[in-house]
Amino acid sequence: MERAAFVLLAVSRRSERGEKKHANVRAAVLDSPQRVIPARRRAIRPPRGSWAPTFENGAFKRRPSPIKLVKAVFIFLLSGLILLFYLVFYGFLAALFTFTMWVMLQTLSSDIPKYRDRIASPGLMISPKPDTALEFYFNKSDSQSYAEYVSTLRQFLETYDDSKQAQNIDCTPGKVFDQNDEAVKKACRFNLSELGQCSGKEDKTFGYSRGTPCVLVKMNRIIGLKPEGEPYIECSTKDEGTVQIIYFPPGGLIDLMYFPYYGKSLHAHYLQPLVAVQLAINSNSTKEEITIECKILGSPNLKNEDDRDKFLGRIAFKVQMTE
Amino acid sequence: MVGGFSILLWIGAAFSWISFGIQFAQGAESPFDNLYLGVVLALVVILTGIFAYYQEAKSTNIMASFSKMIPQQALVIRDAEKKELPADQLVVGDIVEIKGGDRIPADIRLIFTQGCKVDNSSLTGESEPQSRSCDFTHENPLETRNIAFYSTTCVEGTATGIVINTGDRTIIGRIASLASGVGNGKTPIAIEIEHFVYLVAGVAISIGVLFFIISVSMRYKILDSIIFLIGIIVANVPEGLLATVTVSLSLTAKRMAKKNCLVKNLEAVETLGSTSIICSDKTGTLTQNRMTVAHLWFDDQIYSADTSEDQTTQPFDQSSQTWTALSKIVTLCNRAEFRPGQENLPVMKRVVVGDASETALLKFAEVVLGDVMDIRARNKKVAEIPFNSTNKFQLSIHETDDRNDKRFLLVMKGAPERILERCSTIMINGKEEPLDSEKAEAFQTAYMELGGMGERVLGFCHLYLPENEFPDTYPFDTDSMNFPTSNLCFVGLLSMIDPPRSTVPDAVSKCRSAGIKVIMVTGDHPITAKAIAKSVGIISATSETVEDMAKRLNVPVERVDRRQATAAVVNGMELKDMSLQQLDEVLCNHSEIVFARTSPQQKLIIVEGCQRQGAVVAVTGDGVNDSPALKKADIGIAMGIAGSDAAKNAADMVLLDDNFASIVTGVEEGRLIFDNLKKTIAYTLTKNIAELCPFLIYIIASIPMPIGTITILFIDLGTDIIPSVALAYEKAESDIMNRRPRNKSKDRLVNEQLAVYSYLHIGIMQSVGAFVTYFTVYAEQGFLPTTLLGVRVNWESNAINDFEDSYGQEWTKYQRTYLQWTGYTAFFVSITIQQVADLIIRKTRRNSIFQQGLFRNKVIWVGIFSQIGIALILTYGLGHVTALNFTPLRFQYWFVAVPFAILIWVYDEVRKLFIRRYPGSWWDKNMYY
């Protein structure tokens with residue numbers, strides 16, 4: 001800033017000198033004394049718009065009194081000064097804020113968050129996810145009533161399409177797929193066919209039109225999470241005999257080979273394993289609201305009974321089907 | 001419990017309950033948060049109300065102990081028999097008997113008296129007992145001799161009278177009702193606090209409404225907008241402040257009580273500080289309230305005596321023979337005696353039976369000569385004529401203690417001119433010399449001089465009765481006066497005065513340098529009043545009254561320019577004839593004023609006159625008659641020792657030692673507390689911005705909520721309370737007694753600079769520091785700042801349990817909420833840490849902290865440790881109680897805001913430096929609060 005000012009000053013001096021020389025030359029040529037005002041004297045002349053009284057038109061008296069003018073200018077300057085002060089002050093604070101934030105961000109890795117203690121255990125979620133609450137209402141003979149669910153599912157499964165999984169590799173099932181040492185983390189292939197009737201390949205309506213709606217259950221992604229044991233999803237309902245639950249893959253198994261997850265930047269093509277739950281609703285249970293609770297079981301390090309967190313390792317939703 | 005902030009908080013509570021009701025009806029999942037919040041807000045209002053009431057009640061209780069009245073009994077003659085009746089059962093027409101020591105049970109007209117004297121001091125302020133007889137002497141009931149008034153006491157003698165007025169219809173009762181009728185305006189501090197409340201409430205409401213509109217127009221739900229509004233209100237209202245102010249005031253009140261100023265009304269503490277005129281009594285307040293020998297005249301020379309409170313010796317020349325003779329007269333011609341059993345007490349503190357002048361002489365003699373009673377025993381009294389108003393002298397005849405001298409000694413004292421008449425000789429250097437005109441002239445000069453000093457002068461003379469005429473066995477008869485009472489030998493003059501208290505001149509000059517005008521209002525004679533005023537400095541040595549100028553210039557009083565006289569002595573009679581304008585003129589034009597011969601009623605007029613000048617007036621008083629003036633004054637000060645109950649009831653403050661100097665220490669405390677309250681308020685207001693900004697940014701940028709309403713309450717009512725009280729212990733930055741009293745309309749408690757500096761400078765800095773901590777916590781858990789913008793709806797949705805962070809991880813609602821509470825805690829901790837810096841910078845407003853001393857006020861450190869301690873307990877101790885929204889925070893987050901705290905300190909030091917360097921500059925005007 002200082003240097004810039006110095007340069008500016010130097011430039012203006014140079015140009016002044018240049019102008020002077022130029023003017024002198026011109027004066028010599030044109031012999032017009034009006035134009036030859038030495039730079040020094042010119043500086044003495046009051047700048048335009050100054051309050052300094054002049055005798056222009058002999059109307060000295062008619063001009064506002066200089067003292068009042070000075071006051072007005074002074075007040076204007078003062079309010080300007082306050083504005084300037086706040087501009088500088090808040091500018092400084094903004095810069096300070098930005099700087100400290102920048103310093104803080106520099107200490108962070110772009111791959112892994114510094115702490116993961118707030119999400120020690122994953123939550124469960126389902127797809128499709130109704131907008132408001134986890135409640136499915138549809139009429140199996142009215143395709144409009146479930147069109148949204150179907151399109152959500154289709155959209156969700158798009159990333160699982162074989163064409164998108166070209167670069168994914170087939171991993172060894174039943175084993176945690178550790179890639180700590182590799183620079184490029186590979187993603188394991190999740191075959192859509194494992195979802196059977198819920199894969200949307202044979203039944204484009206995911207069973208909704210037949211009264212056997214599919215719901216996909218997924219476990220939240222958590223970087224570095226390695227489930228122990230043999231985790232599987234199990235769903236149940238309190239209203240016995242209302243619904244028959246079929247799992248894809250069979251037994252609701254979640255394969256360990258999909259773990260651990262290495263984060264968005266390192267593990268770009270990662271696909272989380274899914275469990276599809278097909279609800280074969282008994283024909284005499286239509287119009288009933290059926291509550292279904294799914295839990296993750298079989299793994300000691302995945303919690304599913306937290307008092308406060310109703311979605312930690314479990315999820316409950318309602319289904320009501322009409323004909 | 002209503003008005004001001006309470007209203008805002010009630011509104012907040014009501015909104016909370018309304019939104020609870022709506023949410024509950026809609027079946028939302030956790031509506032109880034709002035219910036609790038409403039309850040907490042209501043509790044805050046109620047508790048602070050109870051607290052303030054309790055503090056007030058505590059100080060009133062002290063008063064209650066003062067006015068404990070013993071049920072009074074009266075001896076009545078009814079149905080031809082004497083009965084003891086409670087005084088309140090008396091009726092007009094009852095005949096009552098009173099004797100010395102009784103309180104008069106009603107207004108009575110006397111029908112029989114025997115040597116009855118009453119002490120009317122509680123009514124009129126006159127300290128001399130007045131005799132009462134059955135004669136009607138004056139039209140005015142207050143002046144006539146045959147009426148005794150309710151609540152005055154009968155000092156000696158007995159009397160019988162008819163009850164003419166009882167209860168409220170008595171003179172005292174009428175004055176009391178007059179006093180209760182006098183309007184009592186708001187105290188200056190109450191006005192200041194009201195102003196401050198308006199300011200803050202104005203900010204709260206306008207920001208609240210503005211953001212309500214913004215949030216509605218940003219398509220937030222009305223219910224959400226209401227919840228934001230509650231948050232904004234809670235953040236803006238300094239919930240703990242009014243309690244803090246009360247505590248600070250009561251701390252000062254306690255400190256003042258130690259210095260003998262007992263404050264009845266807490267707010268009066270500060271009123272004393274803004275006092276610009278003190279109307280002070282003379283007797284007892286400025287003076288010691290006891291006659292003391294001030295000057296002696298013998299051997300044609302005036303000697304001064306020591307008049308201080310604790311005299312043990314007298315320094316004047318005692319070698320002359322004349323002094324020996326004079327001291328003998330002083331000792332012997334005196335009926336006053338010490339009460340027995342006080343040998344161990346200093347002479348000045350002993351109780352004496354006798355009137356004021358005799359007491360003065362007795363004590364004087366005791367100090368100079370030693371055991372007076374012993375001297376009297378050795379010079380046995382054989383005859384005595386006590387003082388009476390017709391003779392104007394007192395005489396006694398004694399045997400002498402000189403065994404070889406068998407002559408009797410006749411000693412006499414009295415009004416100097418009467419004594420001189422009876423003398424033919426005068427003693428000079430122990431020799432009797434004829435009293436010629438030259439000596440008489442010398443006497444006159446001395447008498448005038450002593451009288452001119454406002455002193456009461458007594459003459460002393462003696463005569464040794466010739467042995468041949470008055471042998472041992474001579475029967476002296478005081479009725480026939482069979483002994484000479486003329487051609488005596490004049491020995492000397494003694495003059496007495498009620499001398500000023502030794503601390504008063506200093507106190508008056510302190511008042512003067514503090515810009516406080518001291519006006520003396522007394523019932524005394526103008527000369528005495530002026531003399532005392534001069535000796536204590538109320539009239540300074542160089543200033544003159546109109547009369548003085550007239551005398552110096554040798555022109556009539558009317559031709560002197562009144563404006564040139566700085567001092568004025570106004571007589572009560574003149575005051576009576578003055579118009580209001582004339583009084584205003586006197587009060588305006590003269591800086592040193594003495595009102596003499598004033599009645600207590602005129603005090604009220606004087607007080608009103610002073611108040612018309614825009615002054616904050618303090619008035620001292622003790623009599624019942626003073627109570628209207630005490631009530632009318634901005635601060636009424638009653639005397640603790642001499643004061644009547646009525647005066648104490650009407651007053652805002654009681655001076656326990658009746659000493660004027662105590663008022664001045666009170667003024668000092670009052671000014672200090674005003675300064676310190678400024679600091680307290682500045683400290684408290686600062687963090688409001690750091691509490692408010694989160695809401696505003698939450699609404700505008702839709703980030704997860706940075707701080708919860710409950711958390712804010714924990715700052716306002718938890719960590720911040722003790723530190724803000726600690727500021728009340730701060731010492732003054734400079735000599736506060738060297739500046740003028742504050743201008744009520746200009747020097748506000750909370751001015752624009754204070755609000756702007758607290759809100760827009762330090763407050764914003766705090767917010768920045770707290771936000772850095774907030775973003776750090778979120779970023780280190782996986783939510784980078786950019787991810788946080790605009791996520792509010794999804795973040796708060798209960799249905800979304802796979803919320804993705806910046807690293808691809810997914811969070812359930814509860815996990816997010818827990819993180820949000822961690823954010824609250826981090827924000828809370830940052831504010832607390834920065835409030836430590838805020839507390840330190842608020843120690844001074846102008847001086848550098850290093851000038852003030854970091855460790856001089858130990859309570860500040862108690863404040864700092866309590867602040868951090870409470871924060872630690874909340875985060876780590878109560879971090880598992882979900883309702884409080886605190887979580888155990890990683891330890892390093894405590895230090896994120898430390899650089900900002902240091903910055904606050906440095907910034908404020910720079911501010912103060914420029915203020916000191918460039919007084920009156922733009923910076924000074926904008927930055928000094």
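Which side chain meets R210(A) in a salt bridge? Keep that question open while chain A is loaded; the model on screen is a predicted one.

**Stop 1: chain A as a whole**

Select chain A and colour by secondary structure. Four helices and eight strands should appear. Followed along the sequence, their order is α-α-α-β-β-α-β-β-β-β-β-β. Chain A has 323 residues, of which 36% count as buried. Among its contacts between residues at least 6 apart in sequence, 72% join residues at least 24 apart.

**Stop 2: salt bridges in chain A**

Side chains of opposite charge can pair when their charged atoms come close. Over all chains, a search of the whole structure finds 49 salt bridges. Three of the pairs to select are in chain A.

Select R210(A) and D203(A), which settles the opening question: these two side chains meet in a salt bridge, at 3.3 Å from N to O. R210(A) counts as exposed because its relative accessibility is 53%, over the 50% cut-off. D203(A) has a relative accessible area of 8%, and so is buried.

Still with salt bridges, add K218(A), R221(A), D802(B), E804(B) and E810(B) to the selection. Salt bridges with shared partners join these residues into one network.

Now select K201(A) and D162(A). The closest N and O atoms of this salt bridge are 3.9 Å apart. Both residues lie in the loop between α4 (143–158) and β3 (214–219) of chain A, so the pair ties together parts that are 39 residues apart in sequence. K201(A) is partly exposed, at a relative accessible area of 41%. D162(A) is partly exposed too, with a value of 43%.

Stay on that loop and select D170(A) and R189(A). They form a salt bridge whose closest N and O atoms are 3.3 Å apart. Both ends are in the loop between α4 and β3 of chain A, and they are 19 residues apart. D170(A) is exposed, with a relative accessible area of 59%, whereas R189(A), at 23%, counts as partly exposed.

**Stop 3: α1 and α6 of chain B**

Move to chain B and select residues 5–26 (helix α1) and 222–236 (helix α6). The two axes come within 9 Å and cross at roughly 150°. That angle makes α1(B) roughly antiparallel to α6(B). The crossing is left-handed.

To display the contact, show side chains on both helices. On α1(B), the contact residues are L8(B), I11(B), G12(B), F15(B), S16(B), S19(B), I22(B), Q23(B) and Q26(B). On α6(B), they are L223(B), I226(B), I227(B), L229(B), I230(B) and I233(B). By type, the contact of α1(B) with α6(B) has ten nonpolar residues, five polar and no charged.

**Stop 4: D584(B)**

Select D584(B), which lies in helix α18 (residues 580–589) of chain B. Leaving aside residues up to four places away in sequence, D584(B) touches G609(B), R612(B) and Q613(B). Take Q613(B) from that set: D584(B) and Q613(B) are 29 residues apart in sequence, with their C-alpha atoms 7.6 Å apart in space.

**Stop 5: α22 of chain B and two partners**

Select helix α22 (residues 660–701) of chain B, together with helix α25 (residues 752–781) of chain B. They pack at an angle of about 50°, and their axes are 7 Å apart. α22(B) is therefore oblique to α25(B). α22(B) passes α25(B) in a right-handed crossing.

Residues of α22(B) in this contact include K678(B), I681(B), L685(B), N688(B), C693(B) and I697(B). Among those they meet in α25(B) are L754(B), Y759(B), I762(B), Q766(B) and F771(B). The residues of the contact of α22(B) with α25(B) comprise 13 nonpolar, six polar and two charged.

Keep α22(B) selected and swap the partner for helix α28 (residues 813–841) of chain B. What is the angle between α22(B) and α28(B)? They pack at about 155°, with axes 10 Å apart, and are therefore roughly antiparallel to each other. This crossing is right-handed.

In α22(B), the residues to show are A682(B), Y683(B), T686(B), K687(B), A690(B), E691(B) and P694(B). They meet F827(B), I831(B), Q835(B), D838(B) and L839(B) in α28(B). The contact of α22(B) with α28(B) divides into seven nonpolar residues, two polar and three charged.

How values were computed. Residues are numbered from 1 along each chain as its sequence is written. Chains are lettered from A and ligands numbered from 1 in the order in which they are written. This is a predicted model: local features need pLDDT of at least 70, side-chain atom pairs count only at pLDDT 80 or more; totals for chains, interfaces and linings use all residues. Side-chain values use heavy atoms; hydrogens and water are left out. Axes are lines fitted to C-alpha atoms, for helices over the stretch in contact, and angles run from 0 to 180 degrees between N-to-C directions. Helices (H or I, at least four residues) and strands (E, at least two) are DSSP runs, numbered from the N terminus. Angles under 35 degrees count as roughly parallel, over 145 as roughly antiparallel, 65 to 115 as roughly perpendicular and the rest as oblique. A crossing is left-handed if the near helix is turned anticlockwise from the far one by less than a right angle, and right-handed if clockwise. Contact means heavy atoms within 4.5 Å. Ala, Val, Leu, Ile, Met, Phe, Trp, Tyr, Cys and Pro count as nonpolar, Asp, Glu, Lys and Arg as charged, and the others, Gly among them, as polar. A salt bridge is a side-chain nitrogen of Lys or Arg within 4 Å of a carboxyl oxygen of Asp or Glu. Buried means under 20% relative accessible area, exposed over 50%, partly exposed in between (1.4 Å probe, protein chains only).
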